[in-house]
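Biologist: I would like to learn how to read sheets, strands and cavities from a model, starting with the way helices are placed against strands. Could you take me through the features one at a time?

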Amino acid sequence: MYPSRPSTASVLAAVDSLAPPGTPLTAAEIVSGIDLPERTVETVLTELVDEGVLETRAIDSQYRLWWQPPGRVATESLLGGDQSPAPDSDPAASPDTDQSAGTIRRLRRQIDALESELSEVLDWISEGVYSLDTRFRFQYINDHAQALLGVDESARGAAIWDTIETTERFRTGLETAVESQAPVFFEDYYEPLDGWYDNAVYPSETGVSIYFRDITERKRLEEELRTETEYFQTALKNSPVVAFRLDTDLRYTWIDNPQEDFSAEMILGKRDDELLPPGAAAAVLAPKQRVLDTGERVREEVTLDLPHGEAVYDLTVEPIIDTAGEIAGLTATAVDLTEQTRTKAALRKSDEQLRLALRAADVGTWELDLRTMESPARSAEHDRIFGYTEPVDWSYARFLDHVHPDDRAVVEDSFEEAFETSEWAFECRIRRADDAQRWIVVEGVFHTDGDGEPVRAVGVVRDITDRMTRQEQQLERLDQLYETVQDIAHLVIESPTQADIEQVVCDCFDAAEAYTAAWVGRLDHTGPTIRPSTAGVGNSGDSGEAVDPSGCAIPVDPEALTIGGPIAAAIETGEPQPVHTSPTDPIYRQWSQSTPIRHRPGIVVPIGYETHVYGVVVVYTDRDGFEAREQETLGRLGRIVGHAINAIERKRALIADRVTEVVVRSDALAEPFLAATDDESMTIDIDRVVTLGERSLIYYTVEGIDPEEFSAITERLGGGEVRLLESDRTRSRLELSTEAETIQAVVASHGGRITEAALRDGSFEITIRIPLGTEVRPVLDAARTIYPDLRLVSQTTVTPSTRTPTEAFARLTDRLTDRQRETLEVGYYAGFFEWPRETTGDELADLMGVTPATVHHHLRHGQQKLLAAFLDPTSQ
C-alpha cells in the first residue's frame, strides 16, 4: 500500500511498467498505475525531472508529457545497482535481462515497503516532522506536523514561506543549518499557535529535515518555577529564616539570607568552627553531625553568642540522599527566634505582674464560651468574689443564679445587647455562696469567628460594695447639705441684721449630722484680717459652753502655713478651700478642748456678692474631707449669704437718715478730655447709670467739647457704643452702652451709690454715698479697680434730703402747662394709657377739639415732665 505521498521510486517504477524509455506518457496514464491523486503524482514527476531522471514537455496549457530518456534505467540508478541495457536495445544482446528485471521489481517492492513503514512510523510519533528540499519546498509532512501547522498533503512541493507563517528566529535557524551543514537546535515562540516549540534542523545535500515538539507546558512550569524562586528569595530576605546547604565535611556550599553578622562570601567553603567562637560552633555542629551519623532529620533550638549579641534559632537539618542511597550533604534552615523569645519572656513577666496587680486590686478575670455558655477559665479571685474558696464548674446560668432577682432583667438585657455591640458592662447586686449580698461591676468584650458570629467573651469582675456604700453615704450627706442650705436660704431672708444671718448659718451647721461645727468671720480690710464674729457650739456642745470668738484675729496671708493661708486663697479665688491645719484655727482650739481629737478636716467658704467679699464661713467635719459636689454646694451657700448681707446693706442705705459721703478725684480720667479742647469751661456730668443685666447705659451731659470727639474718647477708654441724644451749640446729651464693668456697679455691690460725677476745673470728681457704719476703704479699693488713680478728697457724714410724693406733685404742677395737664388727665381717664388702648390718639384729639399732632405734642412734653419730677430731682 502506498503512503499518502508516493515515493519517487514508486512513481518511476510505474513509468517503467507502462512504456520503455523514450515513450511519452501523460500524467493520467501514470496515475492509473498508482491510484493516487494526479496532482500529488505530478509533484513527484516534477522532482524526477529536476533530478534529471525524467524529461517533460508541455503539449498545451493543460497537458504535459513525461518520459524516461532513452538509454537509462531510472529505477536501477535510483537504487544504486548496476547499469542495465537500455530498454530499446536488443534483448538478445543481454541473456540475463529477465533475471535483472525481476531483481529490480523485487528491490522496488522492498523500497516501497520501507518507505511505507517509515512514513507510518513518522506519522505515529508525537513530534512534528517534515522535510524541505534545497529550495525549502515541502517534501514530506507527517500527520502531527500537518495538524499543528494547519496544512495537508497538498502542501507538498510548495515553498514553506508561501505556506505557513514563520518567525525570524526560525528562518535564521534554517539558513544557518543549510550554510553550515550542521544540525541546529533552538527554542522559539510561535505566535499563530500561541506556544513554545523546540526545533531540531538536520541538513543534507538534498535539503533539510525538521523535528519540532510543543514545549509550552514546560516553559510555563519553568516560568512558574522562576517566579516562585524569586518569591522564595524575596520572602527569605524579608524573614528571620536562614537557608543553607552543607557538604559531608559540614562546609557551607550554598546560603541565602545569612545572619546580619556574616555575608555569603564570608561563609561559603567554611565550617562553623571557622566562623564562630568555640561554644557557639559546638552548639550548631552537634545536630548537623548527628544527621550525618544517623541519616535522620533533626530539629532543635540553639542559643548562640554572636558578635551582635545572644541569638536564639530554631534549627532544622535534613540529609541529602544521592541515587546510590548515600548521604551527599545536608540541607537546613535556621529561624531566628531571638525577638520572639524576648517577647515571650516579657509577656511572662507582664502576665505575672498583671496577676499580682489584679490580685491586689481584688479584680477577677473570666472567660465564657458563647456557644456552650460554659466558662473554660477563671481566676481564683473571680471565684472568691462569688464566695467560693474551692474551684467550681462555672457557666452563664450559674452566674445568673447569684444575681439579685431585682437586677437580673438588667443583666440579661445587657448580655443580649453585647451580641450587637461586642461590649458587655453593667453593675449589679449578687448573693454570694456564703449568702452575703455584694455589689459587683462586670466589664467584658465579645470576640467573633471568621463569619462574624460571637463565639467567646472575656472580661473582669470587681467587688464594688465599698464604693457603692460610700456613694450612698455621699448622697445622704449631699441631701442633708441641700436641706441645710435651703434652711439657711429661707432663714436669712427673714434675718434683719448681718449678725442674725451669721447665727443662722452656725446654728444650721450645728444641727447637721455630717458636720461638727462652723464659725463665721468678717473681713477687716485694714491688715487685712479675718475677725471671727459668730461661732457654733461645736464639740463643746456636750458641756453646754459656748465658744467666744471675740478677741480673735487671723491674718489673711497666702503664704501662711496656718489657717490664714486657705482663707487668703478663698478670698482671692472666690472658691471654697480645704483646711489641713485645723490646730492653727483659734476657734477650733476652743472646740477641741473637750475632745482628744486634735485635728479634723475643714473648709473655708468665702461670703461675697459679685466682687465684694464680706467674710468667710469655716466648716469642720469628722469625715476624711469634702467631696467636689459638696464643695460646689458650699460655694453656692457662700454666695446666698453674701447676697442676703448685701440686701441688708442696701436696705439700710435707702432708709438711713444719715450716710457717709465720700468725694474722690481722678486726673487720669480727665486728661484725654482736656487734651481734646481748649475750652477751660468744659464740663462733663454723668446724669444717670441704668444697669440692664450685664450691660450698663450711662447718660452724659457735656459742654465745651465736640460730641463726636467726646464719643471717640469715651469708646477708646472703656469700649462700648456712644449715641448722641440731643445737641445745641454748647450743650450735648449722649448715651454710652457698654458691657464693661463700671464704677457705679462696683460701688453698688458694696451697698453704696454715686450721686454725682462730673469733670470740672481740670479733674474728674465723683461723689459716693455709703451707709453710715460701712467701712469706706473696701469701697474705695473696689472703685480703684476701675480708676486706679482715685484719691480721697473728703469724707463727711450728711443727712440726705428727702422729698415726699406731695412735694413732687406740687413741683410738677408748677411745671406743667394747663394744656399739658388737661391732655394727661383726659388721656388717663379715657384709657389712652391702657393696653390695649380704650381710646386712640385720633379719638383723644376729637374729644379735646384739637389736631392729633397737638395731642401728641402735649402728651410727650407732659410725660417727660412727669417722669423728671420723680427720676431727676435736680431737673428744672
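Modeller: Axes are lines fitted to C-alpha atoms, for helices over the stretch in contact, and angles run from 0 to 180 degrees between N-to-C directions. Bear in mind that this is a predicted model. Here helix 16 (residues 465–493) lies across strand 16, strand 17 and strand 18, and its direction makes an angle of about 120° with strand 17. Helix 15 (residues 408–421) lies across strand 14, strand 16, strand 17 (437–448) and strand 18, at about 165° to strand 16.

Biologist: In what order do the strands of that open sheet of five strands run?

Modeller: The order is 15-14-18-17-16, with antiparallel pairing. Strand 15 (374–378) and strand 16 (423–431) each have a single partner strand, so at these edges one side of each is left without a neighbour in the sheet. From one strand to the next, the twist averages 25°. Within the sheet, strand 14 (residues 363–369) and strand 18 (residues 454–463) are joined in the antiparallel sense over seven bridges, and E367 stands opposite V458 in strand 18.

Biologist: Which residues on the two faces of strand 23 are buried?

Modeller: Buried means under 20% relative accessible area. On one side of strand 23 these are G602, V604, P606 and G608, and on the other I603, V605, I607 and Y609, so that both faces are covered by the meaning of buried just given. Strand 23 (residues 602–609) pairs with strand 24 (residues 612–620) in the antiparallel sense over eight bridges, with H612 in strand 24 as the bridge partner of Y609. Two residues lie between the strands of this hairpin, where E610 takes a positive phi near 55°. Strand 23 is also joined to strand 22 (residues 577–579) by three bridges, again running antiparallel.

Biologist: How many cavities of 30 Å³ or more are there, and what lines the largest cavity?

Modeller: Rolling a probe the size of a water molecule over the atoms shows where empty space is left. The count comes to four cavities of 30 Å³ or more. The largest cavity holds about 290 Å³ of space and is lined by 18 residues, with Y252, Q259, D272, L276 and L304 nearest its centre. By class, this lining of the largest cavity has 15 nonpolar, one polar and two charged residues, and strand 11 gives the most to it, with three residues.

Biologist: Which residues are closest to the centre of the second largest cavity?

Modeller: Of the 14 residues that line the second largest cavity, Y130, L149, F170, Y190 and N199 are the closest to its centre. About 180 Å³ of space lies in the second largest cavity, and its lining has nine nonpolar, three polar and two charged residues.

Note on methods
Residues numbered from 1 in each chain as written. Predicted model: local features only at pLDDT ≥ 70, side-chain atom pairs only at ≥ 80, totals over all residues. Heavy atoms only, no water. Pairing = 2+ DSSP bridges. Helix = DSSP H or I, 4+ residues; strand = E, 2+ residues; numbered from the N terminus. Contact = heavy atoms within 4.5 Å. Buried < 20%, exposed > 50% of the residue type's maximum accessible area, 1.4 Å probe, protein only. 1 Å grid on protein atoms, 1.4 Å probe; cavity = no way out; pocket = protein on both sides within 12 Å on 5 of 7 lines; lining within 4 Å. Points joined across faces, edges and corners; volume = space filled by probe spheres on them. Nonpolar A, V, L, I, M, F, W, Y, C, P; charged D, E, K, R; others polar.
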